[in-house]
Amino acid sequence: MDLTVIAGTGAEHPGPGTAGATRPTPIVPGGRSARTATVIEGPGLLADEATLQSFEMGAAGLDLAAPPVVLPDFHHKRKMEMPSSIAVATRGTIRPTFTSSSVNCGMALIALGTDKPADHAVDAFYRAVKEKYPYPTRGARELTASEVVAAATDGAQFAAERWGVDAEELERIEESGRVDLEPWGGGARLRKEIPALTWQLARLRFGTVGPTNHFVELQQVEEILDPEAAELLGIREGQVTLQYHAGGGVLTGEIGHLFQRRKDTARTMKAAMAVQKPLYHLATARSAAQLRERMRLYFAKGCAPVDLDSDEGQRLMLANASAMNYGYAFRVATYAALRRLALEAFGGEPGRLIVDSPHNSIYEENVGGQRAVVHRHNSCRAFPADRMPEGSVFATTGQAVLLPGTHRTSSYLAVAGARSSDSLHSACHGAGTVIEQFEKDGRSTLDPGGRSTRRYRYTDEAPSSAPHLDDHGVNAAMSVLTRHRIVRPVARMRPFAVLH
(Lines give C-alpha, C1' and ligand atoms only; values in the text may rest on other atoms or scores of the structure.)
Protein backbone atom coordinates (compact mmCIF):
# COMPACT_ATOMS: atom_id res chain seq x y z
CA MET A 1 0.00 0.00 0.00
CA ASP A 2 1.28 3.47 -0.86
CA LEU A 3 1.33 6.51 1.34
CA THR A 4 -1.69 8.73 0.91
CA VAL A 5 -0.95 12.21 2.21
CA ILE A 6 -3.84 14.62 2.33
CA ALA A 7 -2.17 17.98 1.96
CA GLY A 8 -3.76 20.87 3.82
CA THR A 9 -2.88 24.39 4.87
CA GLY A 10 -1.39 25.98 7.90
CA ALA A 11 -3.47 28.31 10.00
CA GLU A 12 -6.01 30.03 7.83
CA HIS A 13 -9.65 30.12 8.88
CA PRO A 14 -11.55 26.99 7.79
CA GLY A 15 -14.58 28.80 6.42
CA PRO A 16 -17.81 27.32 5.07
CA GLY A 17 -17.79 25.64 1.69
CA THR A 18 -14.04 25.07 1.69
CA ALA A 19 -13.15 22.56 -0.99
CA GLY A 20 -10.15 20.36 -1.53
CA ALA A 21 -8.95 17.69 -3.88
CA THR A 22 -11.69 15.40 -5.05
CA ARG A 23 -9.62 12.42 -4.00
CA PRO A 24 -6.34 12.09 -2.09
CA THR A 25 -3.40 11.04 -4.22
CA PRO A 26 -0.11 9.36 -3.29
CA ILE A 27 2.52 11.96 -2.46
CA VAL A 28 5.91 11.71 -0.79
CA PRO A 29 6.51 15.19 0.72
CA GLY A 30 9.91 16.56 1.63
CA GLY A 31 11.81 13.47 0.55
CA ARG A 32 10.02 11.15 2.92
CA SER A 33 10.07 7.45 2.18
CA ALA A 34 6.83 5.84 1.00
CA ARG A 35 4.39 4.89 3.75
CA THR A 36 1.80 2.21 4.36
CA ALA A 37 -0.62 4.53 6.15
CA THR A 38 -3.12 7.18 5.08
CA VAL A 39 -1.65 10.30 6.67
CA ILE A 40 -3.98 13.27 7.00
CA GLU A 41 -1.53 16.19 7.17
CA GLY A 42 -0.58 19.44 5.50
CA PRO A 43 2.51 21.54 4.74
CA GLY A 44 2.14 23.40 8.04
CA LEU A 45 1.10 20.35 9.99
CA LEU A 46 3.22 17.26 9.28
CA ALA A 47 3.03 14.07 11.32
CA ASP A 48 6.16 13.31 13.32
CA GLU A 49 8.43 10.98 11.32
CA ALA A 50 9.63 8.82 14.22
CA THR A 51 6.11 8.35 15.57
CA LEU A 52 4.91 7.42 12.09
CA GLN A 53 7.59 4.76 11.79
CA SER A 54 6.68 3.31 15.18
CA PHE A 55 3.00 3.20 14.27
CA GLU A 56 3.66 1.55 10.91
CA MET A 57 5.81 -1.10 12.55
CA GLY A 58 2.94 -1.85 14.93
CA ALA A 59 0.51 -2.22 12.03
CA ALA A 60 2.82 -4.17 9.71
CA GLY A 61 1.64 -7.59 8.60
CA LEU A 62 -1.87 -7.24 10.02
CA ASP A 63 -5.11 -8.36 8.38
CA LEU A 64 -5.88 -4.76 7.41
CA ALA A 65 -9.18 -3.94 5.75
CA ALA A 66 -7.73 -0.60 4.55
CA PRO A 67 -4.56 1.42 5.15
CA PRO A 68 -4.39 2.56 8.78
CA VAL A 69 -5.20 6.24 9.26
CA VAL A 70 -3.13 8.98 10.93
CA LEU A 71 -5.05 12.18 11.73
CA PRO A 72 -3.97 15.68 12.80
CA ASP A 73 -2.89 15.93 16.47
CA PHE A 74 -0.98 12.67 16.02
CA HIS A 75 1.30 12.00 19.01
CA HIS A 76 2.38 9.14 21.24
CA LYS A 77 1.65 9.10 24.96
CA ARG A 78 4.30 7.29 26.95
CA LYS A 79 1.93 4.84 28.68
CA MET A 80 0.05 3.80 25.55
CA GLU A 81 0.95 1.02 23.13
CA MET A 82 -0.06 3.04 20.07
CA PRO A 83 -0.16 6.75 19.19
CA SER A 84 -3.21 8.96 19.57
CA SER A 85 -5.32 10.16 16.65
CA ILE A 86 -5.43 6.93 14.64
CA ALA A 87 -7.98 4.55 13.12
CA VAL A 88 -7.20 0.94 12.21
CA ALA A 89 -9.57 -1.52 10.50
CA THR A 90 -8.87 -5.26 10.53
CA ARG A 91 -10.70 -8.08 8.75
CA GLY A 92 -10.68 -11.07 11.08
CA THR A 93 -9.09 -10.05 14.35
CA ILE A 94 -9.71 -7.75 17.30
CA ARG A 95 -6.65 -5.80 18.47
CA PRO A 96 -7.54 -3.82 21.61
CA THR A 97 -4.17 -2.07 21.79
CA PHE A 98 -5.24 0.05 18.81
CA THR A 99 -7.52 1.94 21.18
CA SER A 100 -7.42 2.97 24.82
CA SER A 101 -7.58 0.42 27.63
CA SER A 102 -10.84 2.17 28.63
CA VAL A 103 -13.21 2.50 25.68
CA ASN A 104 -15.86 5.20 25.32
CA CYS A 105 -14.00 8.14 26.71
CA GLY A 106 -15.77 10.98 24.95
CA MET A 107 -16.87 14.59 24.69
CA ALA A 108 -20.29 16.19 24.58
CA LEU A 109 -21.75 19.62 23.84
CA ILE A 110 -24.82 21.13 25.52
CA ALA A 111 -26.63 24.23 24.24
CA LEU A 112 -27.75 26.24 27.28
CA GLY A 113 -30.88 28.37 27.25
CA THR A 114 -29.33 31.40 28.92
CA ASP A 115 -27.41 34.58 28.23
CA LYS A 116 -23.73 34.72 29.17
CA PRO A 117 -23.75 34.54 32.99
CA ALA A 118 -22.06 36.90 35.43
CA ASP A 119 -18.92 35.81 37.26
CA HIS A 120 -20.78 35.16 40.53
CA ALA A 121 -23.15 32.77 38.72
CA VAL A 122 -20.19 31.01 37.09
CA ASP A 123 -18.58 30.69 40.55
CA ALA A 124 -21.78 29.12 41.88
CA PHE A 125 -21.99 26.69 38.97
CA TYR A 126 -18.46 25.35 39.32
CA ARG A 127 -18.81 25.15 43.09
CA ALA A 128 -21.88 22.97 42.55
CA VAL A 129 -20.04 20.82 39.99
CA LYS A 130 -17.19 20.20 42.44
CA GLU A 131 -19.66 19.30 45.18
CA LYS A 132 -21.42 16.86 42.86
CA TYR A 133 -18.23 15.41 41.39
CA PRO A 134 -15.39 16.03 43.87
CA TYR A 135 -11.79 15.10 43.25
CA PRO A 136 -10.31 13.01 44.77
CA THR A 137 -13.51 11.07 44.29
CA ARG A 138 -15.51 9.71 47.19
CA GLY A 139 -15.93 5.96 47.58
CA ALA A 140 -19.71 6.24 47.44
CA ARG A 141 -21.62 3.65 45.43
CA GLU A 142 -23.71 5.51 42.85
CA LEU A 143 -25.51 2.45 41.44
CA THR A 144 -26.73 -0.91 42.61
CA ALA A 145 -25.15 -4.00 41.05
CA SER A 146 -28.35 -4.62 39.07
CA GLU A 147 -28.22 -1.04 37.76
CA VAL A 148 -24.65 -1.59 36.59
CA VAL A 149 -25.85 -4.61 34.61
CA ALA A 150 -28.72 -2.51 33.20
CA ALA A 151 -26.28 0.21 32.15
CA ALA A 152 -24.03 -2.36 30.48
CA THR A 153 -27.00 -3.92 28.69
CA ASP A 154 -29.22 -0.96 27.82
CA GLY A 155 -26.70 1.89 27.71
CA ALA A 156 -28.05 5.41 27.41
CA GLN A 157 -31.64 4.15 27.53
CA PHE A 158 -31.11 3.05 31.13
CA ALA A 159 -29.58 6.40 32.11
CA ALA A 160 -32.27 8.43 30.33
CA GLU A 161 -34.98 6.71 32.35
CA ARG A 162 -32.97 6.83 35.58
CA TRP A 163 -32.13 10.56 35.39
CA GLY A 164 -35.08 11.97 33.45
CA VAL A 165 -33.55 12.65 30.02
CA ASP A 166 -35.95 12.82 27.07
CA ALA A 167 -35.53 9.71 24.92
CA GLU A 168 -35.55 11.89 21.78
CA GLU A 169 -32.19 13.35 22.83
CA LEU A 170 -30.53 9.95 22.51
CA GLU A 171 -30.38 10.37 18.73
CA ARG A 172 -27.55 12.86 19.36
CA ILE A 173 -25.40 10.06 20.85
CA GLU A 174 -23.38 7.69 18.69
CA GLU A 175 -25.28 4.42 18.14
CA SER A 176 -28.17 6.18 19.93
CA GLY A 177 -26.25 5.25 23.07
CA ARG A 178 -26.71 1.48 22.85
CA VAL A 179 -24.76 -1.32 21.14
CA ASP A 180 -26.87 -4.48 20.72
CA LEU A 181 -25.40 -7.40 22.69
CA GLU A 182 -27.38 -10.13 20.94
CA PRO A 183 -24.89 -10.85 18.11
CA TRP A 184 -22.38 -11.96 20.78
CA GLY A 185 -24.63 -13.86 23.17
CA GLY A 186 -26.78 -11.14 24.73
CA GLY A 187 -27.33 -9.96 28.27
CA ALA A 188 -27.86 -13.47 29.63
CA ARG A 189 -24.35 -14.54 28.62
CA LEU A 190 -22.92 -11.28 29.94
CA ARG A 191 -24.50 -11.71 33.37
CA LYS A 192 -23.40 -15.35 33.52
CA GLU A 193 -19.75 -14.74 32.64
CA ILE A 194 -18.74 -11.44 34.25
CA PRO A 195 -17.54 -11.93 37.86
CA ALA A 196 -19.70 -10.37 40.58
CA LEU A 197 -16.72 -8.31 41.78
CA THR A 198 -16.61 -6.56 38.38
CA TRP A 199 -20.20 -5.36 38.79
CA GLN A 200 -19.55 -4.29 42.38
CA LEU A 201 -16.54 -2.12 41.54
CA ALA A 202 -18.46 -0.52 38.64
CA ARG A 203 -20.95 0.89 41.15
CA LEU A 204 -18.36 3.50 42.12
CA ARG A 205 -17.74 7.00 40.70
CA PHE A 206 -20.53 6.86 38.13
CA GLY A 207 -20.83 10.06 36.07
CA THR A 208 -17.68 11.77 37.35
CA VAL A 209 -15.50 14.10 35.26
CA GLY A 210 -12.21 14.79 37.06
CA PRO A 211 -9.06 16.79 36.20
CA THR A 212 -6.07 16.23 33.86
CA ASN A 213 -7.28 16.40 30.25
CA HIS A 214 -10.94 16.05 31.28
CA PHE A 215 -12.82 19.32 31.66
CA VAL A 216 -16.13 21.15 32.04
CA GLU A 217 -15.98 24.28 29.88
CA LEU A 218 -18.42 27.16 29.39
CA GLN A 219 -18.26 28.75 25.93
CA GLN A 220 -20.06 31.24 23.74
CA VAL A 221 -20.74 30.69 20.04
CA GLU A 222 -18.76 33.39 18.22
CA GLU A 223 -19.30 32.36 14.63
CA ILE A 224 -21.69 30.25 12.57
CA LEU A 225 -19.97 28.72 9.55
CA ASP A 226 -22.81 26.58 8.20
CA PRO A 227 -26.15 28.28 9.01
CA GLU A 228 -28.35 25.46 7.72
CA ALA A 229 -26.58 22.74 9.70
CA ALA A 230 -26.35 24.98 12.76
CA GLU A 231 -30.10 25.58 12.74
CA LEU A 232 -30.82 21.86 12.43
CA LEU A 233 -28.41 21.03 15.24
CA GLY A 234 -29.78 23.80 17.49
CA ILE A 235 -26.82 26.19 17.57
CA ARG A 236 -26.94 29.98 17.08
CA GLU A 237 -24.51 32.88 17.31
CA GLY A 238 -24.15 34.30 20.82
CA GLN A 239 -25.46 31.14 22.45
CA VAL A 240 -23.83 29.81 25.61
CA THR A 241 -22.65 26.21 25.33
CA LEU A 242 -21.20 23.73 27.78
CA GLN A 243 -18.59 21.29 26.50
CA TYR A 244 -17.26 18.50 28.65
CA HIS A 245 -14.74 15.68 28.31
CA ALA A 246 -15.39 12.65 30.52
CA GLY A 247 -14.37 9.03 30.59
CA GLY A 248 -16.54 5.97 30.29
CA GLY A 249 -16.39 4.95 33.93
CA VAL A 250 -14.99 2.12 36.04
CA LEU A 251 -16.45 -0.77 34.03
CA THR A 252 -14.76 0.32 30.81
CA GLY A 253 -11.34 0.17 32.45
CA GLU A 254 -12.09 -3.19 34.03
CA ILE A 255 -13.15 -4.70 30.69
CA GLY A 256 -10.11 -3.25 28.91
CA HIS A 257 -7.70 -4.78 31.40
CA LEU A 258 -9.51 -8.12 31.59
CA PHE A 259 -8.63 -8.83 27.97
CA GLN A 260 -5.05 -7.51 27.64
CA ARG A 261 -1.96 -6.74 29.70
CA ARG A 262 -1.80 -2.99 29.19
CA LYS A 263 1.07 -0.56 29.80
CA ASP A 264 -1.12 2.00 31.62
CA THR A 265 -2.32 -0.32 34.41
CA ALA A 266 -2.53 1.60 37.70
CA ARG A 267 -1.79 -0.04 41.05
CA THR A 268 -5.47 -0.30 42.03
CA MET A 269 -6.36 -1.86 38.67
CA LYS A 270 -3.54 -4.40 39.01
CA ALA A 271 -4.96 -5.44 42.38
CA ALA A 272 -8.46 -5.78 40.94
CA MET A 273 -7.22 -7.77 37.94
CA ALA A 274 -5.28 -10.17 40.20
CA VAL A 275 -8.70 -11.40 41.36
CA GLN A 276 -10.97 -10.74 38.40
CA LYS A 277 -8.89 -12.14 35.51
CA PRO A 278 -8.47 -15.66 36.95
CA LEU A 279 -12.18 -15.75 37.82
CA TYR A 280 -13.24 -14.55 34.40
CA HIS A 281 -10.86 -16.48 32.17
CA LEU A 282 -9.37 -19.44 34.03
CA ALA A 283 -12.09 -20.62 36.41
CA THR A 284 -14.58 -20.74 33.52
CA ALA A 285 -12.36 -22.63 31.05
CA ARG A 286 -14.04 -25.82 29.80
CA SER A 287 -10.91 -27.68 28.69
CA ALA A 288 -7.15 -27.71 29.04
CA ALA A 289 -6.84 -26.39 25.50
CA GLN A 290 -9.13 -23.46 26.27
CA LEU A 291 -7.18 -22.76 29.44
CA ARG A 292 -3.92 -22.61 27.47
CA GLU A 293 -5.50 -20.36 24.85
CA ARG A 294 -6.73 -17.89 27.44
CA MET A 295 -3.37 -17.86 29.18
CA ARG A 296 -1.74 -17.02 25.85
CA LEU A 297 -4.25 -14.30 24.96
CA TYR A 298 -4.83 -12.53 28.27
CA PHE A 299 -1.96 -13.25 30.66
CA ALA A 300 1.17 -13.35 28.51
CA LYS A 301 3.09 -10.29 27.39
CA GLY A 302 2.62 -8.97 23.88
CA CYS A 303 -1.14 -8.26 23.64
CA ALA A 304 -2.01 -11.04 21.19
CA PRO A 305 -4.80 -10.46 18.64
CA VAL A 306 -8.10 -12.29 19.14
CA ASP A 307 -9.81 -14.10 16.25
CA LEU A 308 -13.13 -12.31 15.70
CA ASP A 309 -15.14 -15.43 14.84
CA SER A 310 -13.74 -17.59 17.65
CA ASP A 311 -15.49 -18.09 20.97
CA GLU A 312 -12.87 -15.83 22.53
CA GLY A 313 -13.60 -13.20 19.91
CA GLN A 314 -17.31 -13.35 20.71
CA ARG A 315 -16.57 -13.02 24.44
CA LEU A 316 -14.38 -10.01 23.78
CA MET A 317 -16.88 -8.30 21.50
CA LEU A 318 -19.68 -8.93 24.03
CA ALA A 319 -17.60 -7.43 26.83
CA ASN A 320 -16.54 -4.50 24.61
CA ALA A 321 -20.17 -3.76 23.68
CA SER A 322 -21.18 -3.83 27.34
CA ALA A 323 -18.35 -1.42 28.17
CA MET A 324 -19.45 0.92 25.39
CA ASN A 325 -23.02 0.82 26.73
CA TYR A 326 -21.87 1.55 30.28
CA GLY A 327 -19.86 4.49 28.93
CA TYR A 328 -22.89 5.89 27.11
CA ALA A 329 -24.96 5.61 30.29
CA PHE A 330 -22.13 7.19 32.27
CA ARG A 331 -22.07 10.36 30.15
CA VAL A 332 -25.87 10.63 29.99
CA ALA A 333 -25.81 10.72 33.80
CA THR A 334 -23.14 13.44 33.57
CA TYR A 335 -25.22 15.34 31.03
CA ALA A 336 -28.32 15.23 33.24
CA ALA A 337 -26.35 16.51 36.25
CA LEU A 338 -24.53 19.31 34.42
CA ARG A 339 -27.72 20.47 32.72
CA ARG A 340 -29.52 20.63 36.07
CA LEU A 341 -26.66 22.48 37.78
CA ALA A 342 -26.44 24.99 34.92
CA LEU A 343 -30.17 25.65 35.11
CA GLU A 344 -29.97 26.21 38.86
CA ALA A 345 -26.99 28.57 38.57
CA PHE A 346 -27.92 30.50 35.42
CA GLY A 347 -31.70 30.22 35.05
CA GLY A 348 -33.26 30.43 31.59
CA GLU A 349 -34.35 27.30 29.73
CA PRO A 350 -33.06 23.74 30.26
CA GLY A 351 -30.05 22.79 28.16
CA ARG A 352 -30.22 20.49 25.13
CA LEU A 353 -27.73 17.88 24.04
CA ILE A 354 -26.15 18.77 20.69
CA VAL A 355 -23.81 15.78 20.39
CA ASP A 356 -22.09 13.11 22.46
CA SER A 357 -19.05 11.76 20.62
CA PRO A 358 -16.84 8.89 21.87
CA HIS A 359 -13.21 8.91 20.75
CA ASN A 360 -11.98 5.51 21.94
CA SER A 361 -13.93 2.64 20.47
CA ILE A 362 -14.03 -0.77 18.81
CA TYR A 363 -16.93 -1.40 16.41
CA GLU A 364 -17.83 -3.81 13.69
CA GLU A 365 -18.35 -1.67 10.58
CA ASN A 366 -18.63 -1.97 6.82
CA VAL A 367 -15.29 -1.08 5.25
CA GLY A 368 -15.03 -1.31 1.46
CA GLY A 369 -18.21 -3.36 1.32
CA GLN A 370 -16.96 -5.97 3.77
CA ARG A 371 -17.21 -6.63 7.49
CA ALA A 372 -14.32 -5.22 9.52
CA VAL A 373 -13.37 -4.31 13.08
CA VAL A 374 -12.56 -0.59 13.33
CA HIS A 375 -10.39 0.53 16.24
CA ARG A 376 -10.23 4.27 16.97
CA HIS A 377 -7.77 5.75 19.45
CA ASN A 378 -8.41 9.36 20.40
CA SER A 379 -10.29 9.78 17.15
CA CYS A 380 -14.05 10.10 16.76
CA ARG A 381 -16.37 8.50 14.24
CA ALA A 382 -17.69 10.74 11.45
CA PHE A 383 -20.38 8.92 9.48
CA PRO A 384 -22.09 10.65 6.53
CA ALA A 385 -25.82 11.34 6.56
CA ASP A 386 -26.71 8.15 4.69
CA ARG A 387 -25.20 5.99 7.46
CA MET A 388 -27.12 7.68 10.27
CA PRO A 389 -30.53 6.53 11.65
CA GLU A 390 -33.41 7.45 9.36
CA GLY A 391 -35.42 10.39 10.66
CA SER A 392 -32.66 11.72 12.92
CA VAL A 393 -31.11 15.18 12.57
CA PHE A 394 -27.78 13.53 11.74
CA ALA A 395 -29.47 11.77 8.80
CA THR A 396 -29.71 15.26 7.27
CA THR A 397 -26.53 16.95 8.52
CA GLY A 398 -24.17 13.97 8.83
CA GLN A 399 -22.81 12.87 12.21
CA ALA A 400 -21.77 15.77 14.40
CA VAL A 401 -18.21 15.77 15.76
CA LEU A 402 -16.31 18.04 18.12
CA LEU A 403 -12.83 19.45 17.56
CA PRO A 404 -11.90 21.10 20.86
CA GLY A 405 -8.97 23.44 21.08
CA THR A 406 -7.87 24.23 24.63
CA HIS A 407 -9.26 26.48 27.36
CA ARG A 408 -7.12 29.22 25.74
CA THR A 409 -8.45 28.89 22.16
CA SER A 410 -11.66 28.41 20.25
CA SER A 411 -13.23 24.99 19.67
CA TYR A 412 -15.29 23.77 16.73
CA LEU A 413 -18.52 21.91 16.16
CA ALA A 414 -18.46 20.12 12.80
CA VAL A 415 -20.27 17.41 10.84
CA ALA A 416 -18.98 14.56 8.69
CA GLY A 417 -17.79 15.68 5.27
CA ALA A 418 -18.36 14.21 1.82
CA ARG A 419 -15.10 12.24 1.85
CA SER A 420 -14.93 11.03 5.44
CA SER A 421 -14.54 7.50 4.03
CA ASP A 422 -10.95 8.49 3.10
CA SER A 423 -10.12 8.48 6.83
CA LEU A 424 -12.15 5.37 7.78
CA HIS A 425 -14.91 7.82 8.71
CA SER A 426 -12.71 9.23 11.48
CA ALA A 427 -11.65 12.69 12.68
CA CYS A 428 -9.19 13.75 15.36
CA HIS A 429 -10.80 14.36 18.75
CA GLY A 430 -8.97 17.61 19.45
CA ALA A 431 -6.08 19.87 18.58
CA GLY A 432 -4.32 20.25 21.93
CA THR A 433 -0.95 18.91 20.81
CA VAL A 434 -1.02 21.02 17.64
CA ILE A 435 -1.80 24.15 19.68
CA GLU A 436 0.99 23.34 22.11
CA GLN A 437 3.49 22.93 19.26
CA PHE A 438 2.34 26.13 17.54
CA GLU A 439 2.86 28.09 20.76
CA LYS A 440 6.24 26.46 21.38
CA ASP A 441 7.68 27.31 17.96
CA GLY A 442 6.18 30.80 17.78
CA ARG A 443 3.47 30.18 15.18
CA SER A 444 0.88 31.11 17.82
CA THR A 445 1.07 34.10 20.12
CA LEU A 446 -1.32 35.79 22.55
CA ASP A 447 -4.83 36.57 21.35
CA PRO A 448 -4.87 40.05 19.75
CA GLY A 449 -8.20 40.72 21.45
CA GLY A 450 -6.73 40.19 24.91
CA ARG A 451 -9.41 37.70 25.94
CA SER A 452 -9.04 35.19 28.76
CA THR A 453 -10.70 32.20 30.42
CA ARG A 454 -11.76 32.08 34.07
CA ARG A 455 -9.97 28.93 35.24
CA TYR A 456 -11.19 26.77 38.14
CA ARG A 457 -9.41 23.86 39.85
CA TYR A 458 -10.54 21.00 42.10
CA THR A 459 -9.32 22.94 45.14
CA ASP A 460 -10.59 25.81 47.24
CA GLU A 461 -8.29 28.35 45.59
CA ALA A 462 -9.86 31.29 43.78
CA PRO A 463 -10.21 31.06 39.99
CA SER A 464 -7.33 32.40 37.94
CA SER A 465 -7.28 34.11 34.55
CA ALA A 466 -5.74 32.25 31.59
CA PRO A 467 -4.94 34.57 28.65
CA HIS A 468 -6.04 33.29 25.26
CA LEU A 469 -3.81 32.44 22.34
CA ASP A 470 -4.72 33.16 18.75
CA ASP A 471 -6.54 30.33 16.96
CA HIS A 472 -3.77 29.41 14.52
CA GLY A 473 -3.22 25.94 15.99
CA VAL A 474 -6.84 24.79 16.15
CA ASN A 475 -7.50 26.37 12.74
CA ALA A 476 -4.60 24.44 11.24
CA ALA A 477 -6.04 21.11 12.43
CA MET A 478 -9.53 22.02 11.24
CA SER A 479 -8.24 23.29 7.90
CA VAL A 480 -6.57 19.98 7.07
CA LEU A 481 -9.82 18.12 7.81
CA THR A 482 -12.01 20.67 6.06
CA ARG A 483 -10.07 21.21 2.86
CA HIS A 484 -10.28 17.53 2.05
CA ARG A 485 -13.84 17.12 3.21
CA ILE A 486 -13.28 14.80 6.16
CA VAL A 487 -15.52 17.15 8.18
CA ARG A 488 -17.39 20.39 7.55
CA PRO A 489 -17.22 23.11 10.25
CA VAL A 490 -20.55 24.33 11.58
CA ALA A 491 -19.75 26.70 14.45
CA ARG A 492 -16.82 28.13 16.41
CA MET A 493 -17.10 28.51 20.18
CA ARG A 494 -14.84 30.55 22.49
CA PRO A 495 -14.34 29.50 26.15
CA PHE A 496 -14.88 31.91 29.02
CA ALA A 497 -14.66 29.55 32.01
CA VAL A 498 -13.33 26.04 32.64
CA LEU A 499 -12.90 23.47 35.40
CA HIS A 500 -10.11 20.95 34.86
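**Two pockets and their linings**

Q: What does the volume of the second largest pocket stand for?
A: The second largest pocket holds about 650 Å³ of space, a volume being the space filled by probe spheres set on grid points, joined across faces, edges and corners. The model is predicted, with local features needing pLDDT of at least 70 and side-chain atom pairs counting only at pLDDT 80 or more, while totals for chains, interfaces and linings use all residues. Residues are numbered from 1 along each chain as its sequence is written, and side-chain values use heavy atoms, without hydrogens and water.

Q: What makes a residue part of the lining of the second largest pocket?
A: A pocket is an open set of points, on a 1 Å grid over the protein atoms alone, where a 1.4 Å probe fits, with protein on both sides within 12 Å along at least five of seven lines, and a lining residue has an atom within 4 Å of a point. The second largest pocket has 27 such residues, with Asn213, Gly405, Thr406, Gly432 and Thr433 nearest its centre.

Q: Which helix gives the most to this lining?
A: Helix H13 (432-440; a helix is a DSSP run of H or I with at least four residues) gives the most, with 5 residues.

Q: How many residues line the largest pocket, and which lie closest to its centre?
A: The largest pocket contains about 1400 Å³ of space; 42 residues line it, and Ser102, Arg205, His214, Gly247 and Gly249 are the closest to its centre.

Q: Why does Gly249 count as polar?
A: Gly249 counts as polar because Gly is among the residues left once Ala, Val, Leu, Ile, Met, Phe, Trp, Tyr, Cys and Pro are taken as nonpolar and Asp, Glu, Lys and Arg as charged. By class, the lining of the largest pocket has 23 polar, 13 nonpolar and 6 charged residues.

Conventions
Helices (H or I, at least four residues) and strands (E, at least two) are DSSP runs, numbered from the N terminus.
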